[in-house]
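Me: I am new to this structure and would like a close look at a single part of it. Please take one helix, describe its residues and its neighbours with care, and then work outwards from there.

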Amino acid sequence: MQEKAGLVIIGVIFIVLAVIVVVKYSGTPATTSSDKIQVVATLFPMYDWAKQIGGDKVEVSLLLSGGAGAHDVSFTPQIAIQLSRVDLLIMNGAGLETYLDTEELKGENRKLTILKMDAAITDGIQLNAEEQTGYPLSQLNPHIWLSPEQAIKQARLIQQTLINLDPDNAAYYTKQGDAYLADLAALDAQYASTTAGFSQKSFIAFHNAMPYVARDYGLNQIAVIEDFPGTAPSPQDIVYLHTIITETGVNVIFTEPQFSSQVAQTLSADTGAKLAEFDTLETADPEKDTYISKMTTNLTNMAVVMR
């Protein structure tokens with residue numbers, strides 16, 4: 001009797017495992033109740049660009065929620081489930097989303113299109129040896145979205161991808177996208193004209209997130225407080241930053257709202273350096289924030305300390 005019961009249990013387990021294998025590898029994603037293009041973005045800027053361009057023809061969700069930043073994410077079953085149901089995954093690329101195995105994702109959701117924003121960039125900034133801490137070796141600096149000039153290229157790529165995925169609504173995406181691209185062009189022009197009037201062109205960033213916005217608008221990121229976000233500077237690093245401020249006259253330090261500003265405040269108190277907040281947009285409130293509003297606030301903050 002015990003032997004027969006054991007065989008029954010084994011048979012049940014075998015059937016359950018077979019069902020799991022069929023579901024896992026069939027490549028058929030979970031169905032959704034909407035006929036809209038289902039889009040997931042790994043970062044808030046791409047989420048907002050897709051939402052602005054896609055309008056009421058797309059349903060966009062943000063992969064990272066609850067305040068999680070791009071540098072401290074691990075792959076979870078929840079992420080796997082979310083990505084099994086979508087048509088388009090928009091990633092930053094440039095080595096940022098190391099937690100995602102794109103080949104495995106496409107194997108489990110055969111309708112999935114994966115769009116990497118670094119494909120829009122032809123003049124990426126290479127990380128040097130000293131900047132590689134915490135990143136894959138020999139990669140571009142991933143913080144492309146923080147320059148409005150680069151954002152235009154990336155938004156245009158999203159527009160074209162939506163047209164390719166949903167050609168029946170090509171005219172809609174063209175109209176929506178062109179209107180939003182005009183708004184981004186206005187933001188780009190605002191950055192160019194405002195930064196041209198800065199008397200202080202150099203600054204210290206919180207982490208290595210601002211080289212694109214610096215290069216594209218004639219500024220100079222000369223140092224960072226943290227080599228990798230969340231990794232506190234050593235005493236030697238703090239002495240080095242103190243020396244830069246006192247010997248070069250660079251007296252602007254940017255903090256980030258996602259991290260402690262204690263070191264920056266100490267440097268400011270010791271040297272008289274001016275502090276301002278520059279939000280890297282790795283976390284945001286998708287219900288009320290937009291890329292343009294957040295980047296406009298960043299420019300206003302920069303102008304206060306660099307004019």
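Reply: In helix α2 of this predicted model, the buried residues are Phe44, Pro45, Met46, Tyr47, Asp48, Trp49, Ala50, Ile53 and Gly54. The helix covers residues 44-54, and because nine of its eleven residues are buried, it is largely enclosed by the rest of the structure. The elements against which these buried residues pack are the strands β1, β2 and β3 together with the helices α5, α6 (170-196) and α10. Just after α2 comes Gly55, which takes a positive phi of about 55°.

The strands among those neighbours lead directly to the sheet. Four strands form this open sheet, in the order β2-β1-β3-β4, and their pairing is parallel. Its edge strands are β2 (58-62) and β4 (113-116), each of which pairs on one side only. From one strand to the next, the twist averages 20°. Strands of a sheet pair through backbone hydrogen bonds, and they do so either parallel or antiparallel. Between strand β3, at residues 88-91, and β4, which run parallel, there are four bridges, and Leu89 stands opposite Ile114 in β4.

Helix α5, another of the elements packed against by the buried residues of α2, spans residues 148-165 and lies across β1 (37-41), β2, β3 and β4, running at about 165° to β4. Helix α4, at residues 102-108, belongs with β3 and β4 to a β-α-β unit that is right-handed.

The loop between β3 and α4 holds Ala94, a residue that has a positive phi of about 55° although it is not a glycine. Most residues other than glycine have a negative phi. Ala94 is also buried, since its relative accessible area is 9%, which falls under the 20% limit for that term. A second residue of this kind is Leu281, which has a positive phi of about 65° and is likewise not a glycine. Leu281 is placed in the loop between β8 (274-277) and α10 (291-306), the latter being one of the helices against which the buried residues of α2 pack. With a relative accessibility of 0%, Leu281 counts as buried.

Helix α5 also takes part in a contact between charged side chains, for Lys153 in that helix is paired with Asp123 in the loop between β4 and α5. Their salt bridge has its closest N and O atoms 3.7 Å apart, and the pair links distant parts of the chain, the two residues being 30 residues apart. Asp123 counts as partly exposed at 28% relative accessibility, and Lys153 counts as partly exposed at 25%.

Where does this pair lead? Asp123 and Lys153 are linked with Arg215 and Asp216 in a network of salt bridges. Within that network, the side chains of Asp216 and Arg215 meet in a salt bridge at 3.0 Å, N to O. Asp216 counts as buried, at 15% relative accessibility, whereas Arg215 is partly exposed, with a relative accessible area of 34%. The side chains of Lys294 and Asp289 form a further salt bridge, at 4.0 Å from N to O, and both of these residues are buried. In total, the structure holds seven salt bridges.

Seen against the whole protein chain, the helix described at the start belongs to a secondary structure of ten helices and eight strands. The chain has 307 residues, of which buried residues make up 45%. Among contacts in the chain with a separation of 6 or more, 67% are accounted for by residues 24 or more positions apart. The accessible surface of the protein chain comes to about 14800 Å², and carbon and sulfur atoms account for 55% of that surface. To return to the part you asked about, α2 is largely enclosed because nine of its eleven residues are buried, and these buried residues pack against strands β1, β2 and β3 as well as helices α5, α6 and α10.

Note on methods:
Residues numbered from 1 in each chain as written. Predicted model: local features only at pLDDT ≥ 70, side-chain atom pairs only at ≥ 80, totals over all residues. Heavy atoms only, no water. Pairing = 2+ DSSP bridges. Axes fitted to C-alpha atoms, helices over the stretch in contact; angles between N-to-C directions. Contact = heavy atoms within 4.5 Å. Right-handed = clockwise from strand over helix to strand, strands pointing away. Buried < 20%, exposed > 50% of the residue type's maximum accessible area, 1.4 Å probe, protein only. Areas by Shrake-Rupley, 256 points an atom, 1.4 Å probe, with all protein chains shown as cover.
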